[in-house]
Amino acid sequence: MNIIRACAAAVLLTLFALPAFAAESDKAKPNPAADTDTAKKAAIRTEIKAGATPIAVQLEGTDTLGARLSLQLKEIFNGGTLFFLSAKEEPKILLILHTVPEFPSRPGVGSAYSATWVYYERATAFTSYLAGEAGVISPDAVDDLAARLAERSSGIAAKYAYIFNK
């Protein structure tokens, strides 16, 4: 009787394990269409990267407007062809945003910001100051400021293009 129960349990386990095993084996099979899509995307990224300037956005601050500004800038840089966001240890333009609430008792009303562009080569080397600006921003002007800072970044990249051997 115990042998019959053991055999039945083994059969049930096998039946339940087969679909999971089949799903895993399907995942392991190469998909030629996915491989070509990945190769095409990699080629496009390489082509864009070849003519683009590496940039990183570093936020120093804890206010919400500064966080929105930083994210908006990253989206602009990531979506364009003039820059690509770089987190690697490589020569790049580093845009440092420092933001604080304009009125600490009323957060979200406005923020004071400073934007500093520096040339960053590597962690063990000094950075070189390229440009900077400071101002005050309101919640409804974050998109406009992000576009203006991205445009200024483009001008700075053009001015110092010789650093990146373009």
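Is Tyr-119 buried or exposed, and what is its relative accessible area? In this predicted model, Tyr-119 is buried, and its relative accessible area comes to 12%.

**View 1. The overall fold of the protein chain, read from one end of the sequence to the other.** The secondary structure comprises 4 helices and 5 strands, and along the sequence these elements follow the pattern α-α-β-α-β-β-β-β-α. Among the contacts in the protein chain with a separation of 6 or more, 63% are accounted for by residues that stand 24 or more positions apart.

**View 2. The aromatic pair formed by Tyr-119 and Phe-164.** The structure holds 3 aromatic pairs, and one of them joins Tyr-119 and Phe-164 in an edge-to-face arrangement, with 5.8 Å from centre to centre and 70° between the planes. Tyr-119 belongs to strand β4 (residues 111–120), whereas Phe-164 lies in the segment after α4 (142–159), so the pair ties together parts that are 45 residues apart in sequence. Phe-164 has a relative accessibility of 17% and counts as buried, because the cut-off for buried is under 20% relative accessible area.

**View 3. A charged group placed over an aromatic ring, shown for Arg-106 and Phe-103.** Here the charged end of Arg-106 sits over the ring of Phe-103, and its distance from the centre of that ring is 4.7 Å.

**View 4. The surface and the buried part of the protein chain.** The protein chain has 166 residues, of which 28% count as buried. The area that the protein chain exposes is about 10,800 Å², and carbon and sulfur atoms supply 62% of this area.

Definitions and conventions
Residues are numbered from 1 along each chain as its sequence is written. This is a predicted model: local features need pLDDT of at least 70, side-chain atom pairs count only at pLDDT 80 or more; totals for chains, interfaces and linings use all residues. Side-chain values use heavy atoms; hydrogens and water are left out. Rings of Phe, Tyr and Trp (its six-membered ring) pair if their centres lie within 6.5 Å; planes under 30 degrees apart count as stacked, over 60 as edge-to-face and the rest as tilted. Helices (H or I, at least four residues) and strands (E, at least two) are DSSP runs, numbered from the N terminus. Buried means under 20% relative accessible area, exposed over 50%, partly exposed in between (1.4 Å probe, protein chains only). A charge sits over a ring if NZ of Lys or CZ of Arg is within 6 Å of the ring centre and within 35 degrees of the ring normal. Contact means heavy atoms within 4.5 Å. Accessible areas come from the Shrake-Rupley method with a 1.4 Å probe; for residues, only the protein chains shown count as cover.
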